[in-house]
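Here is a short guided tour of one protein chain, written for someone meeting it for the first time. Have the structure open and follow along.

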Amino acid sequence: MLDERTEKPSHIRKIIHVDMDAFFAAVEQRDHPELMGQPVVVGGDPASRGVVATCSYEARSFGIHSAMTASRARVLCPQAVFVRPKMDAYRAASQQVMRILRSYTHLVEPLSLDEAFLDVTAATTDGTLAVQIAKEIRARIERETGLTASAGVSYNKALAKLASDWRKPNGLLVIPPDRGLTFLAPLHVSKLHGVGPATVERLSKMGIHTVLDLRNTPQETLTRRFGKTGLWFYEVARGIDLRPVQPHRERKSVGYERTFQENLSDRTVMLNTLQEMAGQVSRRLHELELTGRTVSVKARFGDFQTVTRAHTVAQPIWRAEEISACLPELFAKAVPPGLPVPASVRLLGVTVSSCADAKVNSSDSGQLSLLDEIMHYQLAQLS
Ligand code: DCP
Ligand code: MG
């Protein structure tokens, strides 16, 4: 079917990805004008074991980035201003931004407090260009919140997200359908959704570094090595991403995981670490006024083999003691005693899932899922 006006196939979707620039740090700079133009680091205490949540672009030029320790950040830039996160302010700014986005379409899928996908296909049937909408969104965000956002426009989620990242900060990039493959080809595979450090390593051992390398790998090879994910790699390397924009994605879990700088081999240390994580998860569940019924433990071994063991309890729980009570058994299943050496563990995680709102009504669940995502984001990287 051809669009009468443009004579282009009309089934092509118009997806916009919006991502706020240096979000937490930008809110701090806006609210404290003396911080404008300064290297600002938002996160934990550099004097203890705090971690950087984010930093201003001024601080990035010193090599500071999210998830590094705050003490390291201070070494890189002693004159940086360190501020503790003020989640209420970030949440308020996020709500303002999401409201602006929802004024263009109800098909808005927030991924975290500061980023969202929009499917504006319907909004463009009257001849409005998706890029015009993206421009207007960026201008309104700046005018109404005093913060800047970057945007990417393309024909699917994967490319729209890559596009918004490309022109950061305060930029806009459109990747039209006929440019998708050329844009993707030279990118490092780590840029693709679902490709973390472990996968990068595995792909690299197969001689696959760029998206073009991935494109030149037979589908059969990819699915044999990576299962269903291999099929995703095969498709996304060809610019195919059929994932719809889902405005009502349900919250499923609150979790905390950590990759260690040095692998752990002492079982007592491992279990203690899991108990500490249960405390973090509990705090977050409490903050979000959530409860869950399934507790799971994840362990990744030195050889990258990853196991997850889960246990479902009868009543919804959120307290640290309640989560902790499930851990010894789950830990013993995930990391059985007497595993052959080297049974070293490089990552541990605790997740509470099938969460239900303890108090907030369901119409707010969209906002809550933002917080869920960000917390995974924030905490998953405390290495
Ligand atoms: N965040 C966090 N911990 C991380 C990464 C991010 O707490 N490891 C928080 C702080 C960020 C916000 O999430 O401000 C959004 O994350 P982004 O990855 O979008 O980073 P920024 O918005 O800070 O910077 P930019 O998008 O300009 O790269
Ligand atoms: Mg951002």
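In this predicted model, Glu-115 touches four residues from much earlier in the numbering, leaving aside anything up to four places away in sequence: His-17, Val-18, Asp-19 and Met-20. Glu-115 itself belongs to strand β6, which covers residues 115-119. UniProt, in an unreviewed entry, gives this residue the feature "active site".

**Around Glu-115**

- Is Glu-115 buried or exposed? Glu-115 is buried, because 22 other C-beta atoms lie within 10 Å and 20 or more are enough to count as buried.
- One of the residues that Glu-115 touches, Asp-19, carries an annotation of its own: the unreviewed UniProt entry places the feature "binding site" at Asp-19 and Asp-114.
- Why can we say that these two binding-site residues gather at one spot? They span 96 residues in sequence, yet their C-alpha atoms are no more than 5.7 Å apart, so they come together in the fold.

**The two binding-site residues**

- Asp-19 sits in strand β1, residues 15-20.
- Asp-19 counts as partly exposed, because it has 19 C-beta neighbours inside 10 Å and a buried residue needs 20 or more.
- Setting aside neighbours within four places in sequence, the contacts of Asp-19 are Asp-114, Glu-115, Ala-149, Ser-150 and Ser-164.
- Where is Asp-114 found? Look in the loop between β5 (108-112) and β6.
- Asp-114 counts as buried, because 25 C-beta neighbours fall inside 10 Å.
- With neighbours within four places in sequence again left out, Asp-114 is in contact with Asp-19, Met-20, Phe-23 and Ser-94.
- Met-20 therefore turns up in two lists: Glu-115 touches Met-20, and Asp-114 is in contact with Met-20 as well.

**A three-stranded sheet and a helix across it**

- Try tracing the open sheet made by three strands in the order β3-β2-β4, where the pairing is mixed.
- Its edge strands are β3 (52-55) and β4 (81-83), each of which pairs on one side only.
- On average, neighbouring strands of this sheet are turned by 25° against each other, direction ignored.
- Strand β2 (residues 40-43) pairs with β4 in the parallel sense, over three bridges.
- Which residue in β4 is the bridge partner of Val-40? The partner is Val-81.
- Helix α1 (residues 23-31) lies across β2, β3 and β4, and runs at about 120° to β2.

**A pair of crossing helices**

- Now move along to helix α10 (residues 219-226) and helix α11 (residues 228-236), whose axes come within 6 Å and cross at roughly 145°.
- The crossing of α10 and α11 is right-handed.
- On the α10 side, Gln-219, Leu-222, Thr-223, Arg-225 and Phe-226 take part, and they meet Thr-229, Gly-230, Leu-231, Phe-233 and Tyr-234 in α11.
- The residues of this contact divide into five nonpolar, four polar and one charged.

**The whole chain**

- Zooming out, the chain has 14 helices and 13 strands.
- How many residues are in the chain, and what percentage is buried? There are 383 residues, and buried ones make up 38% of them.
- Among contacts in the chain with a separation of 6 or more, 63% are between residues 24 or more positions apart.

Technical notes: Residues are numbered from 1 along each chain as its sequence is written. Chains are lettered from A and ligands numbered from 1 in the order in which they are written. This is a predicted model: local features need pLDDT of at least 70, side-chain atom pairs count only at pLDDT 80 or more; totals for chains, interfaces and linings use all residues. Axes are lines fitted to C-alpha atoms, for helices over the stretch in contact, and angles run from 0 to 180 degrees between N-to-C directions. Helices (H or I, at least four residues) and strands (E, at least two) are DSSP runs, numbered from the N terminus. A crossing is left-handed if the near helix is turned anticlockwise from the far one by less than a right angle, and right-handed if clockwise. Two residues are in contact if their C-beta atoms, placed from the backbone, lie within 7 Å. Ala, Val, Leu, Ile, Met, Phe, Trp, Tyr, Cys and Pro count as nonpolar, Asp, Glu, Lys and Arg as charged, and the others, Gly among them, as polar. UniProt positions are given in the numbering used here, feature names are shortened, and annotations may be inferred rather than shown by experiment. A residue is buried if 20 or more other C-beta atoms lie within 10 Å of its own, exposed if 12 or fewer, and partly exposed in between; C-beta atoms are placed from the backbone. Two strands pair if DSSP finds at least two bridges between them.
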